[in-house]
Every structure is written in structure tokens, then in C-alpha cells.
Amino acid sequence: MASEVAAPPTVTFQAGTAPVKAEYRLSNKPLSVPDDDAAEGTTRETRGYTRDGEAEDRPGPVKKGKWSKDQRKAQRGANKGRRFAKVRDELELCWRFANGEICEYGDKCKFTHDLSAYLAAKPQDLRIPATSEISESAPFGPVDTNLGTVCPVFEETGECRYGFKCRFLGSHEKKAYAAVTAKEVNYIGGDYDFPIANQYLQELKEAEQSNNATPAPAAPIADKELRNSTSVSETIEKRTGDIPSDSQVDTPDVPTRLPEKKRLHWTGRVVHLAPLTTVGNLPFRRICVDYVGLATSFLAGSKEEWSLVRRHPSEKIFGVQVAGNKPHNLVPTAEVLSRELGDNIDFVDVNCGCPIDLVFKSGSGSACNIGRSGKLGKILTGMNRALGETPVTVKLRTGVKDGKNTAHKLMPRLASEFKPSCITLHGRTRQQRYTRLADWDYIKQCVEAVRAKEADEELAPVPIFGGGDCFSAQDYWEKVESSGVDGIMIGRGALIKPWIFTEVKEKREWDISARERLDLIRNYAEYGLNHFGSDTAGLNATRRYLCESLSFQYRYVPIGLLEQTPGRINDRAPAFRGRSDLETLLASGDSRDWVKISEMFLGPAPESWVFTPKHKSNAYGNEEGQG
């Protein structure tokens, strides 16, 4: 009589635990989920760790007496405790000299002009290996080959602006002409004046004094008339010496009316990547394309904020999101965006959904949800005027406090009176942040309220997007179908699995392999070098942001390891091993492993380089690191 084989014991998973198959599970206890809210809001200094895993000794800020205004400003903001020192060459070569240009400072230049000495001290060239050269078993590689180096900047644009400072110099000792189509656009510079904004703000002031409502959208002085200090007749006379006849004098342009703005044809669209701060830079957005800022900082000329609006030609639809709480901040910002970026932006979004304390306490972000449709209306009216044909959109949360939703009242009024070109609603209150599931039933209620208002007033339907907890193709299409939204804005889901856009487009769940994920990481390294630079400073900026991206991607649990699919964004995974050493490495929550992954494509990290994890649970020494 054949002996019976005992069935494996049945494991009942705790609610909210990712159901990892027994053969891959190292523990039944779910690991803690990194606290995104705490990571975004922290201003306390966080210890960093060197490439050898030793805690970095960094003195905290020393406070003697009162802080100056600039010192207090420097301490404000999210993640100010994380410091990333720039790593430069041991001997710094003059930028102009490195590109064969004449340096106006000559012998007084603080950087060296001794090319031989610079090249002798410069580290050897790097090479980005193909993923096929990296083994799926430890120690991974890459396999040492005699293949020559290839500069990703030169490969894409036909030239390298970093000249002799490039860490891939061997591939472009001869210069080539730039391939214009691969160049990023939306570079900003210069001082700003605000003729349209100033006129609108003056109208607001006069309206308040006479107790009137928001100025009418169709009232502005023509754009040309405002921006030109001399008359058309004077200009023609100055340039030709002739006094123009009446037929030669053109009348000012008629200002754009709301119905004449460019329409956003977003009904049925499947891709809308949410604006993201630290990780949502151009290299990450290019990765997402492959698989398918604060207003006051803009006005101050902050290079950190302006760098986020750089656009690559592969980004077919591109918008800029701004946050603020007053017309006198946001309307001038809109005017600068219109003047500087013009047709290189497709829309400008007003962020009324950000829950971060710093933003909320300033009256911006989700504070705009507090029954202030009049104030928000003034902002939208002024921005529409300043942006001309460029559409203005708005992002909201369901409300501020739990149990006190306000969006169902605010959205119909916005659609009827102030006519944004699109409304996006995140299905949580500001108080909930990311701690509870998004309320898609309430999103449906808000959509129905807007559609009823539009039907009553015979208005064209405004595109409405929802947001919250979308982590798979099944999530996407079920939520679109049940709520009536035109599409979904995806944020955290794209950070954890940038290939979600392919899943949505193809309506399938993708069991992506470890090597395919490594291809994504290699592409990020190349895109980062193109964006941040191929010199030493750009190389390590790329390394930093690659590690930031990996701090989200490691949370992905391969669906081939799950007993039930698809995975859910808020499920906590127990410690598990992957189907290969490489898959296990990619699932590691230890920040030292992220640095190790970066070294596969960017070479060894300098001894002085430190990566400080955004989430405390990823720091070296955390006992709950992935197995």
C-alpha cells in the first residue's frame, strides 16, 4: 500500500500581508512598511552610511544665539536632515578649458589649466556593462572584458559638453555636432517682470475695495500691449525711419478666452504619471515613458525647482505642477512658465492635494480644500489669463479631516464657474495621508456631482482623474469602470514598479524577471548621466538618485512568488528569497545593497560618498532587513 504524502501545512496570512509562496518565504511575520509620511516630513538630521557600512560621523548644526533669517529658511522643509556632499575630481579642471574654449580668467582662474596633470590625477574611464554581462548569481559581476568605453551623453546627442572632464572620455576624443532632437528643453534663466500678473492683481485689489467678486476672465489688456513698453508706431519709425500709415499699424492680439484654450483630450487615456518630488526627475520619467515645485521657489529662480521642468522629447504629454496659496504667488509663476517654456508645456496643474505639514501650514496644498473655492477661483482665473492658450488643471484631496469630505461641493463649483481643463481627485483626506485605503466610492460620488452640474448648465464635460492605491492593470480598469473617471493618476505605484504603464496599456499583469528589472536600472543610469552629467559630480548625482529610486523599487514582490495575484500596494511582505540571487538582491531593503547595485553600472562609489536613506527603516543596522 502506497504511503500518503503529507500536504504542506496551510498558512493563514495576517490581514494586509503579501501571500508569498511557502518555497520562497523565509518568515511568516510581515516586515514593517516604510513610513512615507514620516520620510516626507522629517526635518531632523539622519545618519548616513558609507560604502563600507560604517555610520558617518557628522556634527549636527550648532546653534549659538539666534538664527538669522537665512539660517531659519535653510532649516525649513522636508528632508533637510539628509545631506549629500558633492564629490568632485581631486584636481579640478577649468570648465572652459576642458571644452577647448578660452578662459577669460587666464592665470587667475581658480581651476587648473594643466591638462597633463589633470589627466594623470583623473580616475580611469568607466564603462556601463550590458546586463547580459552580469550574472544572476552572486557575486554578479560584471564579467571583465576588453570592450571600450561608451559615453551615454555622446551616444545620444553626438557631443559631450563635459569634454575632458567626462568619465567616459575614451569614446569621444574627437568632437561631433549635436543631435538637436535629443536635447532636453525648458532651460530657464534671467530676470522676470510680470505685466499680466501685475494688472490682474491690481484688478483684484480694486475688486476687493469695491466688494466685487473675482475679475472677469475676459477683461485683460492684450498680451502684446502689456509686454511692449513702446507703441507699434514708434517701433516701426525707429526701425525704418518712416512714419507708418494706419494700415501698417496692427492692433494688439485679442486675449485668449477660456473656450479657446487648447483642449486636453484625456478621455480614455491610460497613462498619467503623478508629479513626484525627490524621485520624479527626468531620468525617472524617461523610464516610465520607456514602458509605454513650489511657486515661491520658481519665482526665486531655484535651480532645484527649475530642473524638474526639463523635458525630454520622448515625453509626449508634459505638464508642470505648482503649489501656492495666493494669487500674487501663483499668477506671476504662471506668467513666467508661459513666457519661458511656451509651447514646451501642455498644461499647468495647481496642487491642492499635498498633505505635507510644511506645505499645508503655509496655506498651500491640501489647505486649499478648506471651503475656499472663491480664493481658489481667483487663482485659477489669474493663471488662465497669464497662460494664454495653455490649459490649467487642478488636483484635490477629498477633504482635510476624516469624516468631513468637501470635494463633492468644491468640484462642481470649480467645473461650472472657473472651468479648469481637468480635475484630479486623490481619494484620501489630508489627515489620512497614505495610512488608509483610498475611497473610490466617494470619488464616484464626486464624478456624478460634476456630471449632474454640467448637464444642468449644458457645459462640456471636464476630464476627471482619480488617484489612490492603483498598483496593477486589474486595479486600474476596475476603478475606471466602477467610478466613472476618465483615467487614473499613478504615483506610488509607478515608483515601486515603473512598468505599471505597460501592464495598464496591455491589460495584463507582468511577471517581470530580475534581468528585465536590471535593464530598467541600467537605462536609469544612462538617462541620469545624460541629465546630471558624465563628469564626476554628475556621476555621483546619478548614483544618489538611482539609490533613491531603488528605495521604492525594492518593495515590489514578484507576482510569480505570490499565491494570489495581483499584488496590493499596501500589503506587507514577509522576509522572502527570490528565484535567483539577483532577484533577492533587488528585494533588499538594506541601503548598502542599493549602492552595490549602482556600482554595477557606475563603478565603485568614492570612499567619501555617502547615501542617506529617506526612510529610517532602510538604514544600516535595521534588524528587519530583507532576507
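## A walk from ring to ring and charge to charge

Start by selecting W499, which is buried, with a relative accessible area of 0%. Here buried means under 20% relative accessible area, exposed means over 50%, and partly exposed lies in between (1.4 Å probe, protein chains only). You are looking at a predicted model, in which local features need pLDDT of at least 70 and side-chain atom pairs count only at pLDDT 80 or more, while totals for chains, interfaces and linings use all residues. Residues are numbered from 1 along each chain as its sequence is written, and side-chain values use heavy atoms, with hydrogens and water left out.

**Stop one: the rings**

How many aromatic pairs does the structure hold? There are 7; rings of Phe, Tyr and Trp (its six-membered ring) pair if their centres lie within 6.5 Å, with planes under 30 degrees apart called stacked, over 60 edge-to-face and the rest tilted. Add Y556 to your selection: W499 and Y556 make an edge-to-face pair, 5.0 Å centre to centre with 85 degrees between the planes. W499 lies in the loop between α18 (492–496) and α19 and Y556 in the loop between α21 (536–553) and β8, so this pair ties together parts that are 57 residues apart in sequence. The helices (H or I, at least four residues) and strands (E, at least two) are DSSP runs, numbered from the N terminus. Like its partner, Y556 counts as buried, at 2% relative accessibility.

Now pick F532 and Y545, a stacked pair with 5.1 Å centre to centre and 10 degrees between the planes. F532 belongs to helix α20 and Y545 to helix α21, so the two rings tie together parts 13 residues apart in sequence. F532 counts as partly exposed, at 23% relative accessibility.

Keep Y545 on screen and show R544 as well: the charged end of R544 sits over the ring of Y545, 4.4 Å from its centre. For this label, NZ of Lys or CZ of Arg must be within 6 Å of the ring centre and within 35 degrees of the ring normal. R543 does likewise with W609, its charged end being 5.8 Å from the centre of the ring. From W609, follow the ring pairs that link Y554, W594, W609 and F611 into a cluster.

**Stop two: the salt bridges**

Across the whole structure, a search finds 25 salt bridges, each a side-chain nitrogen of Lys or Arg within 4 Å of a carboxyl oxygen of Asp or Glu.

Select R579 and D511, whose closest N and O atoms are 2.9 Å apart in a salt bridge. This pair links distant parts of the chain: R579 is in the loop between β8 (574–576) and α22 (581–586), and D511 is in the loop between α19 (500–506) and α20 (514–532), 68 residues apart. R579 is partly exposed at 36%, and D511 is partly exposed at 33%.

Next, go to helix α12 (residues 327–341), where R339 and E335 lie 4 residues apart, about one turn of the helix. Their side chains meet in a salt bridge (3.2 Å, N to O). Which of the two is buried, and which partly exposed? E335 is buried, with a relative accessible area of 0%, whereas R339 is partly exposed at 29%.

Then select R96 and E104, a salt bridge with the closest N and O atoms 3.0 Å apart. R96 is partly exposed at 36% relative accessibility, and E104 is exposed at 55%.

Finish with R88, E92 and K165, which are linked in a network of salt bridges.
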